[in-house]
Amino acid sequence: MSTPYAKLPAWADYGLIPVINLFVAFAVAGLVVLLVGESPVQAATLLIKGAFGSGAGIGYTLYYATSFIFTGLAVAVAFHCGLFNIGGEGQAYVGGLGVAIVCLSFDSVFPWWVNFPLAILGSAAIGAFWAMIPAILQAKRGSHIVITTIMFNFIAASLMVYLLVGPLKPANSMAPQTRTFAQDAWLPKLGWVLELFGASIRSTPLNLSFVLALVMAVVVWVLIWRTKLGYEIRTYGFSPKAAKYAGVGEARIIVVTMMLSGALAGMMALNPVMGDQHRLQLDFVTGAGFVGIAVALMGRSHPAGIVPAAILFGMLYQGGAEISFVMPNISRDMIVIIQGLVILFAGALEHMFRPSLQAALASLSPKSMGMNATKREGA
Amino acid sequence: MAPAAIELKGINKSFGAVHANRDIDIEIPKGTIHGIIGENGAGKSTLMSILYGFYQADSGEIFVDGKKTDIQTPNDAIAAGIGMVHQHFMLVENFTVLENIILGAEGSQLLNAGISRARSELHRLEQDYGLEVDPDAVVEELAVGLQQRVEILKALYRGAEILILDEPTGVLTPAEADHLFRILRMLKDEGKTVVLITHKLREIMAVTDNVSVMRQGTIVATRKTAATTVEELAELMVGRRVLLRVDKGEPNPAAVKLSVRNLTVKDSRGVTMVNDVSFDVRAGEIVGVAGVAGNGQSELIETIAGIRKAVSGTVMLDGKPIDVTGAADPGELRDRGLAHVPEDRHHVGLVLPFEENENAMLGYHDDPKFLNGPFLNIDAIRADAREKIQKYDIRPADCRLKTANFSGGNQQKIVLAREMEHDPGVLIVGQPTRGVDVGAIEFIHKQLIAMRDGGKAVLLVSVELDEVRSLSDRILVMFDGRLVGERGPDATEGELGLLMAGVEAREAAE
């Protein structure tokens with residue numbers, strides 16, 4: 001009786017509310033477009049056309065989505081443990097180092113299907129290591145993980161600059177990047193899958209790591225809801241006191257969860273580095289680590305929500321590029337504004353429309369609400 | 001006849017489809033003490049929250065002194081002369097009494113005028129009602145009973161003619177409670193109206209003029225206190241006859257299972273909470289620890305259960321030490337046969353957002369029967385949960401329901417079922433019936449007696465003196481971190497009450 005609102009049916013909770021929030025976010029974004037003197041309708045059309053209107057568009061949308069699935073899952077795993085990992089950006093960045101080390105070492109030794117698992121391990125291991133240090137500081141010293149993971153983003157950026165202008169740069173090269181990997185360290189593209197659906201495309205960055213991302217979404221679901229470790233993570237996330245009572249070691253669970261989170265963030269590097277650019281470049285993460293936070297918020301930290309949320313943000317990235325190309329008044333920053341609005345409405349104001357929706361549903365179909373209520377009341 | 005101080009007509013309040021208050025009609029005559037009694041979740045708090053403006057009723061009317069009054073916020077309630085003393089005090093701990101009293105009623109931008117006005121007003125209130133308290137004392141340094149008095153003064157300072165007290169005696173010693181009742185009677189004599197919300201039948205009988213019983217959101221009866229009995233009220237509350245006394249046979253104590261020696265525990269601020277405590281618990285007996293909340297009982301059982309670290313001392317479980325000053329781990333202790341029903345089931349004993357079946361294995365999730373390698377064996381977990389639901393009559397019988405949606409009594413049964421069903425040698429129980437309805441209390445008490453009769457050692461901590469007295473074979477009294485006395489189950493309430501208040505055992509005997 002302590003909850004002021006009755007429960008909504010699941011379809012409204014997980015389907016309707018995010019859609020309403022999204023709609024409001026876009027409506028407000030439309031107002032901003034209007035303010036800069038462009039037509040919101042045209043912008044929306046461009047956005048959707050750019051993202052889904054062509055095979056190439058879809059390829060790019062899913063390519064961006066791949067990165068966001070990894071980072072979104074990374075944030076979600078930490079959320080389940082009550083930890084806010086905003087270091088996905090840095091963990092993904094150093095994860096690229098793991099990919100590059102494997103690819104540079106073995107690209108003329110093994111075929112791609114050997115290099116791929118090795119690169120997965122490499123990226124995950126370094127990403128996990130990068131998350132482990134803040135985790136240990138949190139577990140042993142009480143240093144807040146939000147602060148330390150942010151700081152580690154900067155450390156990662158500096159470290160990578162040092163490596164890419166120094167040890168990793170081929171001699172006589174002017175660009176701060178590694179040499180291009182040999183073909184055996186390239187991930188297969190998935191353009192042919194899109195062509196199966198009738199799209200015609202010359203080239204697409206979409207690659208096999210998209211499939212890995214979907215596999216990891218399933219793995220995360222199994223981990224969180226079907227393993228003992230996941231049970232302990234959720235216990236600690238909901239109630240550290242209950243976890244202690246249940247004999248779940250606080251330090252262990254924080255460190256293990258953060259390492260898993262860091263590993264997932266690290267794997268994001270596979271997508272651009274091994275799948276598209278085939279070399280390690282400066283700033284290849286381009287904010288995907290932070291977008292992961294929005295994706296995890298919007299996807300309610302559930303893989304089934306994270307995948308569509310990641311695709312939505314992929315669409316914003318791809319379609320946004322299209323808008324700024326056609327409408328010079330709207331820069332890429334506009335897309336950042338829309339992202340911000342989505343985070344605001346889907347995350348921070350998540351419950352804004354809940355009470356009125358409940359009232360509306362209750363008056364429309366008292367029965368559907370009543371069924372939930374008898375469950376609650378039965379005690 | 002003068003109009004009633006409060007009259008509620010046809011109050012309805014729903015949360016979603018949960019009908020928390022249903023057609024409530026109640027009339028509280030001026031200058032009386034009116035008790036409202038009911039089980040947890042019966043709707044008492046909701047009703048009072050409506051009266052105090054925390055919630056708005058869906059329908060119905062409120063009349064104060066015969067005038068229809070619209071109460072939208074607590075400020076409206078205060079303006080209508082209604083004051084409330086909450087179960088959990090709403091005081092700024094590091095403010096003085098005076099500062100707390102004028103908080104929200106400062107009167108002007110500058111404090112001085114308000115403070116001096118408050119000081120003289122406070123002096124008058126003290127004289128009129130015997131509510132002595134030093135206006136310049138810092139609140140956190142006051143005893144709990146005095147803090148409560150500050151709450152009452154706060155309400156009176158705002159001109160309250162009607163005072164609502166929500167479970168006021170939960171944190172008081174019997175003596176402090178008696179003093180509170182004296183104050184309430186004095187308020188009544190001055191023409192104030194008092195509404196007392198409680199689940200303690202004894203208090204209703206001791207102090208009220210009239211009593212209304214709530215059950216499942218409705219008022220099932222209103223009686224003159226003088227014309228009713230404890231038994232009748234209990235029956236009205238639960239809707240069936242209840243056994244208020246616990247039936248138990250003679251204890252049969254055997255070997256020492258749990259042995260505590262010179263245990264000292266400090267809290268995070270370095271304050272000594274448990275001071276050099278030693279005692280034994282034998283198989284086949286219930287040892288009760290009585291004391292006013294906050295005198296170290298919580299820390300004592302948390303330390304034995306491995307949740308909190310001790311500074312010094314030893315604890316032996318079955319003759320083997322528990323590393324209480326070092327790496328004692330609740331999981332390991334569970335394996336050694338020590339079960340623990342924690343005092344705070346909402347944050348410690350249960351994870352409220354979990355499904356019931358997930359809580360039914362909390363702490364025992366290492367048990368191979370719940371696992372397939374690293375994976376959870378969902379079928380086994382749910383089957384086990386259903387079995388416990390059946391055996392302990394947990395309602396609703398749905399192991400997939402979110403734990404937060406069970407009532408307090410059923411939540412406690414989930415914890416008890418989990419801890420008892422693993423056949424522990426020693427059971428530590430903190431506040432087994434806090435926030436639990438009368439029907440479930442009876443069941444829980446029977447289970448504890450059954451544990452004892454099954455040859456288990458039970459250590460019971462409760463702030464409900466009646467509970468400690470009726471269940472325990474030996475009673476230890478804790479005051480200020482020390483054990484100040486041991487008594488048999490036949491010790492009188494007065495005797496225990498003095499010990500709980502820190503009066504030395506020798507003086508108590510005189």
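This report covers the domains, salt bridges and selected residue surroundings of a predicted model.

**Domains of chain A**

Chain A is divided into two domains. Domain 1 takes residues 16–38 together with 327–371, and domain 2 spans 60–314. Their centres, taken over C-alpha atoms, are 28 Å apart. Contact involves eight residues of domain 1 of chain A and seven of domain 2 of chain A. About 700 Å² is buried between these two domains, and carbon and sulfur atoms give 75% of that area. The count of salt bridges between them is zero. The count of residue pairs in polar contact across this interface is also zero, with both residues required to be at pLDDT 80 or more. Helix α15 (residues 332–348) of chain A gives the most to the domain 1 side, with five residues. By class, that side holds four nonpolar, two polar and two charged residues.

**Domains of chain B**

In chain B, the domain assignment gives domain 1 as 6–238 and domain 2 as 256–347 + 423–509. The C-alpha centres of these domains lie 33 Å apart. Eleven residues of domain 1 of chain B meet twelve residues of domain 2 of chain B. The buried area is about 950 Å², with 63% from carbon and sulfur atoms. One salt bridge is counted between the two domains of chain B. Residue pairs in polar contact between them number zero, again with both at pLDDT 80 or more. The side of domain 1 of chain B that touches domain 2 of chain B has four nonpolar, four polar and three charged residues.

**Salt bridges**

Side chains of opposite charge can pair when their charged atoms come close. Over all chains, the structure holds 33 salt bridges. The table lists some of them.

| Residue | Partner | N to O distance |
|---|---|---|
| A:Arg234 | B:Glu358 | 2.6 Å |
| B:Asp423 | B:Lys456 | 2.6 Å |
| B:Arg474 | B:Glu486 | 3.1 Å |
| B:Glu493 | B:Arg202 | 3.7 Å |

Take A:Arg234 and B:Glu358, whose closest N and O atoms are 2.6 Å apart. This pair crosses between chains. A:Arg234 sits in helix α9 (residues 228–238) of chain A, and B:Glu358 in helix α12 (residues 356–359) of chain B. A:Arg234 has a relative accessibility of 5%, so the residue counts as buried. B:Glu358 also counts as buried, because its relative accessibility is 12%, under the 20% limit.

Next come B:Asp423 and B:Lys456, joined by a salt bridge of 2.6 Å. B:Asp423 lies in the loop between α14 (408–420) and β19 (426–430) of chain B, while B:Lys456 lies in the loop between α15 (438–453) and β20 (457–462) of chain B. The pair therefore ties together parts that are 33 residues apart in sequence. B:Asp423 is exposed, with a relative accessible area of 54%. B:Lys456, at 16% relative accessibility, counts as buried.

B:Arg474 and B:Glu486 meet at 3.1 Å. Their salt bridge links strand β21 (residues 474–479) of chain B to strand β22 (residues 482–487) of chain B, and the two residues are twelve apart. B:Glu486 is partly exposed, at a relative accessible area of 42%. Elsewhere, salt bridges that share partners join B:Lys248, B:Arg452, B:Asp453 and B:Asp473 into one network.

**Two residues and their surroundings**

B:Glu355 is placed in the loop between α11 (345–349) and α12 of chain B. Its side chain makes a polar contact of 3.1 Å with that of B:Asn357. Another polar contact, of 2.8 Å, joins the side chains of B:Glu355 and B:Arg400. Leaving out residues up to four places away in sequence, B:Glu355 touches B:Arg382, B:Cys399, B:Arg400, B:Leu401, B:Lys402 and B:Thr403.

A:Gln318 belongs to helix α14 (residues 303–326) of chain A. A:Gln318 counts as buried because its relative accessible area is 10%, under the 20% limit. With residues up to four places away in sequence set aside, A:Gln318 touches A:Gly50, A:Ala51, A:Gly57, A:Tyr60, A:Thr61 and A:Tyr64.

Technical notes:
Residues numbered from 1 in each chain as written. Chains lettered and ligands numbered in written order. Predicted model: local features only at pLDDT ≥ 70, side-chain atom pairs only at ≥ 80, totals over all residues. Heavy atoms only, no water. Helix = DSSP H or I, 4+ residues; strand = E, 2+ residues; numbered from the N terminus. Buried < 20%, exposed > 50% of the residue type's maximum accessible area, 1.4 Å probe, protein only. Contact = heavy atoms within 4.5 Å. Salt bridge = Lys/Arg side-chain N within 4 Å of Asp/Glu carboxyl O. Domains from an automatic or database assignment. Buried area = accessible area lost by both parts, 1.4 Å probe. Polar contact = N/O pair within 3.5 Å; in protein donor to acceptor, adjacent residues only side chain to side chain. Nonpolar A, V, L, I, M, F, W, Y, C, P; charged D, E, K, R; others polar.
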